[in-house]
Amino acid sequence: MNMKRTARYGTNILGGFGIDGVEQIQIIKETGFDAFFTGWNRKDRGAVIRYAEAAAKAGLFYETVHAPFGKMNSMWVDGLEGDDWRDMLIECADDTAAAGVGIMVTHVTVASTAPPPSEIGYRRFLEVAEHAAKIGVKIALENLEIPEHLAYLFERLGSMDNIAFCWDTGHNLCYTPEIDMMELYGDRLICLHINDNNGISIPGVITWHDDSHFLPFDGRVDWVGVAGRLDKAGWDGILTQEVNRGKEGCEKIPAYSEMSYREFLAESLERLHRLNSLRAE
Ligand SMILES: [Zn+2]
């Protein structure tokens with residue numbers, strides 16, 4: 001294997017195999033990964049601490065914590081629901097710091113329609129970002145269905161040191177194929193969600209059903225283009241995937257269901273090596 005500039009690899013904790021996250025961490029390490037990320041659950045705030053302990057034991061780097069996104073659109077509307085969601089993001093940032101993790105990834109909207117960018121939304125994200133800055137947590141805003149809110153927040157919060165970008169390669173293809181997100185925000189890139197899909201299935205319709213999170217090279221993402229964009233941004237961070245064995249409501253790849261957890265992980269690492277081999281020296 002011809003090792004290029006980036007030779008560190010990360011993965012999400014995988015659902016669908018019936019294997020507990022803590023148990024997965026040891027196997028992720030044994031497979032040859034360097035890092036991983038997890039979600040966060042307000043009902044089990046100790047989980048990230050257990051993951052951090054397992055990571056320390058395994059010698060694996062706990063790269064990011066992914067905040068929940070179910071009611072993210074409430075952030076843009078005045079009212080208690082949005083206040084509560086902001087408070088939840090602050091709790092998530094607190095737990096990210098407590099787990100010794102430096103980056104919290106967050107969506108800024110959910111689904112293909114959302115209330116328009118607003119002052120209240122800006123102020124709530126500002127409060128989250130200011131709190132996170134105090135406790136040493138960077139906030140990575142991820143590209144989703146709607147580009148406007150992302151642009152709005154980078155416009156208004158972009159001067160803060162702890163506001164950064166998480167590029168999801170699959171979202172870029174099936175949600176905003178006409179926008180080069182790395183051209184816009186590559187200079188702020190701090191982490192990756194590498195995954196593939198077959199793009200927009202019904203022309204003109206933007207839907208999460210197209211967001212399959214396949215392994216790289218199983219869909220239609222332009223991986224040569226991805227490698228080139230990472231090179232152009234001078235990315236020397238971790239190549240981290242966010243993949244799924246079979247996401248409910250999305251197209252599935254039959255071969256995945258034949259694979260064990262270890263086989264699927266090993267295959268995914270091969271794909272990341274392949275992506276890395278497309279990068280310049
Ligand atoms: Zn993602």
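Student: Why is A111 called partly exposed?

Tutor: A111 has 15 other C-beta atoms within 10 Å, and a residue is buried if 20 or more other C-beta atoms, placed from the backbone, lie within 10 Å of its own, exposed if 12 or fewer, and partly exposed in between. The count of 15 falls in between, so A111 is partly exposed. Please keep in mind that this is a predicted model, in which local features need pLDDT of at least 70 and side-chain atom pairs count only at pLDDT 80 or more, while totals for chains, interfaces and linings use all residues. Residues are numbered from 1 along each chain as its sequence is written.

Student: Where is A111 placed, and what is its phi?

Tutor: A111 sits in the loop between β4 (103-106) and α4, where helices (H or I, at least four residues) and strands (E, at least two) are DSSP runs numbered from the N terminus. Its phi is positive, about 75°, although A111 is not a glycine.

Student: How do you know whether H107 is buried or exposed?

Tutor: H107, in the loop between β4 and α4, has 25 other C-beta atoms within 10 Å, and because that count meets the limit for a buried residue, H107 is buried.

Student: What makes F69 a contact of H107?

Tutor: Two residues are in contact if their C-beta atoms, placed from the backbone, lie within 7 Å. Not counting residues up to four places away in sequence, H107 touches F69, M72, E142 and L144.

Student: Why is α4 called oblique to α5?

Tutor: The axes of α4 (residues 119-134) and α5 (residues 147-157) cross at roughly 60° and come within 11 Å. That makes α4 oblique to α5, because angles under 35 degrees count as roughly parallel, over 145 as roughly antiparallel, 65 to 115 as roughly perpendicular and the rest as oblique. The axes are lines fitted to C-alpha atoms, for helices over the stretch in contact, and the angles run from 0 to 180 degrees between N-to-C directions.

Student: Which residues of α4 and α5 make the contact, and how do they divide into nonpolar, polar and charged?

Tutor: Y122, F125, L126 and A129 of α4 meet L153, R156 and L157 of α5. These divide into six nonpolar, no polar and one charged, where Ala, Val, Leu, Ile, Met, Phe, Trp, Tyr, Cys and Pro count as nonpolar, Asp, Glu, Lys and Arg as charged, and the others, Gly among them, as polar.

Student: How do you know that α1 and α10 are oblique to each other?

Tutor: Helix α1 (residues 21-31) and helix α10 (residues 261-277) pack at an angle of about 45°, with their axes 10 Å apart. That angle lies in none of the other ranges, and α1 and α10 are therefore oblique to each other. The contact is made by I27, I28 and T31 of α1 and Y261, R262, L265, A266 and L269 of α10, which divide into six nonpolar, one polar and one charged.

Student: What makes V65 stand out in the largest nonpolar core?

Tutor: A nonpolar core is a set of buried Ala, Val, Leu, Ile, Met, Phe, Trp, Tyr and Cys residues joined through C-beta atoms within 7 Å. Of the 70 residues in the largest one, V65, M104, I139, A140, L141 and F165 touch the most other members. Leaving aside neighbours within four places in sequence, the contacts of V65 include F37, W40, V48 and M104.
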